[in-house]
Amino acid sequence: GAAASSEAKQTPVPLQADTLAPSKANTIQTAEQPLHHLTFIKNSPVIWLICVVMMLYVGHQVSLSIWIPMYMETHLLVSPTVSSLALSVLWLGIILGRMTSAHLTGKMSVFKILLGGSLLGAVFMTFGIQLQQPLVLIVTLGLTGLFTGAAIPLLVTIACDRYPAYSGTASSMIFLSGTVSTMLFPWLVGRLAELFSFQSAMMLTWITLFMMFGFGIILRKLYHRPD
């Protein structure tokens, strides 16, 4: 009896082929997953519009962050202290805008916040740049940051709500477009300043917000349509 028991313990158990090889269905699904994401990116006008809006907003923000101190010191003839204060007011407005939007999203649609903020920001930024008064510019920088500061989290929310199955891909596309804008717009403002004037180049900081508002309206119309 003991010998039989020992022999039974030493008898190898044959392994099924399925335990050694991955499932064919899983292999096909894994191979096709990147293709699904590429097809989603190619065939989704909504995600491309979101990326365009993202590029416009980041272009606006990075242009102000990089060029507003030099613009105020060389064109408006203020001290570095005042130009630095203006930049701080801008970012304070952005921070407050993002904090405020977290409370507003439960009471208003994200599109109302995005479109209303971009339009108000465009109007305030137009006054700030065109009037060429340092105090007015500082105030309008803070107001523009307040009304537009929530744009990035709002765009991510719109994309992830529209495409929950592709939220990772959508978020990556949005931030990639923002990175491209970060590289493009500071150069563009500098180039326009060389070709025309610093004042003309800084107009881009409010033109982008009006464009953002226009593309946002189109985005809202397409959002509820099936791809």
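Let's start at Arg 220, which counts as partly exposed, with a relative accessibility of 39%. You'll find Arg 220 in helix H11, the stretch covering residues 204-223. This is a predicted model, so please hear everything that follows in that light. Arg 220 also has company: together with Lys 112, Lys 221 and Arg 225, Arg 220 forms a positive surface patch.

Let me step back to the overall fold for a moment. The chain has eleven helices and zero strands. Reading along the sequence, then, you get α-α-α-α-α-α-α-α-α-α-α. Of its 227 residues, 40% count as buried.

Now, charges again, but this time in a pair. Side chains of opposite charge can pair when their charged atoms come close. How many salt bridges does a search of the whole structure find? The answer is one. The partners are Glu 194 and Arg 191, whose side chains meet at 3.2 Å, N to O. Both residues sit in helix H9, residues 167-195, and they are three residues apart, about one turn of the helix. As for their surroundings, Glu 194 counts as exposed because its relative accessibility is 61%, while Arg 191 is partly exposed at 39%.

On to the aromatics, which I enjoyed looking at. A pair of aromatic rings is described by the distance of the centres and the angle of the planes. This structure holds five such aromatic pairs, and I'd like to show you two. In an edge-to-face arrangement, Trp 67 and Phe 198 have 5.8 Å centre to centre and 85 degrees between their planes. Trp 67 belongs to helix H4 (residues 45-74) and Phe 198 to helix H10 (residues 198-202), so this pair ties together parts that are 131 residues apart in sequence. And are these two buried or exposed? Both Trp 67 and Phe 198 are buried.

The other pair is Phe 124 with Phe 147. Here the ring centres are 5.8 Å apart and the planes are at 10 degrees, so we call this pair stacked. Phe 124 comes from helix H6 (residues 110-131) and Phe 147 from helix H7 (residues 134-148), so the stack ties together parts that are 23 residues apart in sequence. Phe 124 counts as partly exposed, at 25% relative accessibility, and Phe 147 is also partly exposed, at 31%. Before we leave the rings, go back to Trp 67 and Phe 198 for a second: ring pairs link them with Tyr 71 into a cluster.

Phe 147 leads us to the next stop, a nonpolar patch on the surface. Who makes up this patch of about 600 Å²? The members are Leu 92, Ile 95, Leu 96, Met 99, Leu 120, Leu 146 and Phe 147. Two elements, helix H5 (80-104) and H7, each give two or more residues to the nonpolar patch. H5 gives the most, with four residues. From the H7 side, have a look at Leu 146, which counts as partly exposed because its relative accessibility is 33%.

While we're on H5, find Val 82, which is in that helix too. Val 82 is partly exposed, with a relative accessible area of 27%. Val 82 and Ile 138 are 56 residues apart in sequence, yet their C-alpha atoms are 8.9 Å apart in space. There's another contact of this kind to look up on your screens: Leu 154 and Ser 101 are 53 residues apart in sequence and 8.4 Å apart, C-alpha to C-alpha. Leu 154 is located in helix H8, residues 151-162, and counts as buried because its relative accessibility is 4%.

Last topic: the backbone. Most residues other than glycine have a negative phi, and most peptide bonds are trans. So which residue in the loop between H4 and H5 should we check? That would be Leu 77, where phi is positive, near 60 degrees, in a residue other than glycine. Leu 77 counts as exposed, at 68% relative accessibility. Then there's Gln 132, which also isn't a glycine and has a positive phi of about 60 degrees. Gln 132 sits in the loop between H6 and H7 and is partly exposed, with a relative accessible area of 33%.

That's my tour, and I'm happy to go back to any of these spots with you.

How values were computed: Residues numbered from 1 in each chain as written. Predicted model: local features only at pLDDT ≥ 70, side-chain atom pairs only at ≥ 80, totals over all residues. Heavy atoms only, no water. Patch = residues over 30% accessible without salt bridge, like charges linked within 9 Å, V, L, I, M, F, W, Y side chains within 5 Å. Areas by Shrake-Rupley, 256 points an atom, 1.4 Å probe, with all protein chains shown as cover. Salt bridge = Lys/Arg side-chain N within 4 Å of Asp/Glu carboxyl O. Lys, Arg positive; Asp, Glu negative; His and termini not counted. Charge placed at Lys NZ, Arg CZ, Asp CG, Glu CD. Buried < 20%, exposed > 50% of the residue type's maximum accessible area, 1.4 Å probe, protein only. Phe/Tyr/Trp six-rings, centres within 6.5 Å; stacked < 30°, edge-to-face > 60°.
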